Amino acid sequence: MNKKILFFSGTLLSFFLNGCLVGHKISYEIVSDKSGKGTARVTYTDIRSDAQNDREFDEDKKNLFDYMQKSSRFLSDMKKEGKNIVSRELHVENGKLNGTAVYRFDKISDVENLTYDDGFYFITLALDDSVIATNGEIIKSDKYKRILWSDNVDTLKFQILTEPAENTPLKDLVSQFRK
């Protein structure tokens, strides 16, 4: 079972991608005020399972459709991480299962360890993380890369490619989805 965390720990996989669930890409749109409070919209595109057997696939379906999509326990668990979810949904678009969650936060650092310092927002990433779009500036060093935004940017945006390891067999979840 491929449990590779490709970008962030915590929220990235906590929302709609948990255990053996993988997605094609993740998009963030974050609006924050100078106090650090704000709202984040997270969208996962093409959610699939890399389960190796029926038991793992059933576990993935239960995590996604029962826990993340419907349960109040999920809302409580996210609130403990500083994410007050105001909406969550799964939807099919162009034959792919996608998920979107919107949450409020009181500290910008609760959004994937984003930081605000000296007039700039930034997020630090591993060098091998694939940033495919951003309205910020990408800065690379020998050890990491950062996306940097000036505090006059109203909405921080970035999109990360989260493809699973090569040759990983994936199971479609669209046929399992019921509103």
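Is Arg48 buried or exposed? Arg48 is buried, with a relative accessible area of 15%. That is a good way into this predicted model, and here are some notes to read beside it.

1. **Confidence.** Before the details, a word on how far to trust them. The protein chain has an average pLDDT of 87, and 88% of the residues score at least 70. Among the elements of the chain, β10 has the highest mean pLDDT, 97, while helix α1 (residues 11–15) has the lowest, 43. Over residues 1–18 the pLDDT stays under 50, although the model has 72 contacts beyond four places in sequence for this stretch. Where pLDDT is low, the predicted coordinates should not be read in detail. I would keep that in mind if you plan to look at those contacts.

2. **Asp46 and its partners.** Arg48 meets Asp46 in a salt bridge between their side chains, at 3.3 Å from N to O. Asp46 is buried as well, with a relative accessible area of 9%. Both count as buried because their values, 15% for Arg48 and 9% for Asp46, fall under the 20% cut-off. The pair belongs to a network of salt bridges that links Asp46, Arg48 and Lys96. In all, the structure holds six salt bridges. Side chains of opposite charge can pair when their charged atoms come close.

3. **The backbone at Asp46.** Asp46 deserves a second look for its backbone too. Asp46 sits in the loop between β3 (38–45) and β4 (48–49), and its phi is positive, near 60 degrees, in a residue other than glycine. Most residues other than glycine have a negative phi, and most peptide bonds are trans.

4. **Asn113, for contrast.** Where else does a positive phi of about 60 degrees turn up in a residue that is not a glycine? Asn113 has one. Asn113 lies in the loop between β6 (96–105) and β7 (115–117). Whereas Asp46 counts as buried at 9% relative accessibility, Asn113 is exposed, with a relative accessible area of 59%.

5. **Salt bridges along helices.** Two further pairs lie within helices. Glu59 and Arg55 form a salt bridge, with their closest N and O atoms 3.6 Å apart. The two are four residues apart in helix α2 (residues 54–70), so about one helical turn separates them. Glu59 is partly exposed at 42% relative accessible area, and Arg55 is exposed at 55%. In helix α3 (residues 72–80), Arg73 and Asp77 are likewise four residues apart, about one turn of the helix. Their salt bridge has its closest N and O atoms 3.7 Å apart, and Arg73 is exposed, with a relative accessible area of 55%.

6. **The six-stranded sheet.** How are the strands of the open sheet ordered? Its six strands run β5-β6-β3-β2-β12-β9, with antiparallel pairing. The edges are β5 (84–93) and β9 (130–134), each of which pairs on one side only. From one strand to the next, the twist averages 15 degrees. At the β9 edge, β9 and strand β12 (residues 156–161) pair in the antiparallel sense over four bridges, and Thr134 stands opposite Phe158 in β12. Toward the other edge, α2 lies across β5 and β6, running at about 145 degrees to β5.

7. **Strand β11 and its neighbours.** Strand β11 (residues 145–150) shows two faces: Lys145, Ile147 and Trp149 are on the covered one, and Arg146, Leu148 and Ser150 on the uncovered one. In a regular strand the side chains alternate between the two faces of the sheet. Strand β8 (residues 120–125) runs antiparallel to β11 and is joined to it by six bridges; Tyr121 stands opposite Trp149. Strand β10 (residues 137–140) also pairs with β11 in the antiparallel sense, over four bridges, with Ile139 opposite Arg146. A hairpin of four residues joins β10 to β11.

8. **The nonpolar core.** Which residues touch the most other members of the largest nonpolar core? They are Ile30 and Leu64, in a core of 36 residues. The largest share of this core, five residues, comes from α2. In soluble globular proteins, nonpolar side chains tend to be buried together.

Methods. Residues are numbered from 1 along each chain as its sequence is written. This is a predicted model: local features need pLDDT of at least 70, side-chain atom pairs count only at pLDDT 80 or more; totals for chains, interfaces and linings use all residues. Side-chain values use heavy atoms; hydrogens and water are left out. A salt bridge is a side-chain nitrogen of Lys or Arg within 4 Å of a carboxyl oxygen of Asp or Glu. Buried means under 20% relative accessible area, exposed over 50%, partly exposed in between (1.4 Å probe, protein chains only). Two strands pair if DSSP finds at least two bridges between them. A nonpolar core is a set of buried Ala, Val, Leu, Ile, Met, Phe, Trp, Tyr and Cys residues joined through side-chain atoms within 4.5 Å. pLDDT is the predictor's confidence in each residue, from 0 to 100. Contact means heavy atoms within 4.5 Å. Axes are lines fitted to C-alpha atoms, for helices over the stretch in contact, and angles run from 0 to 180 degrees between N-to-C directions.
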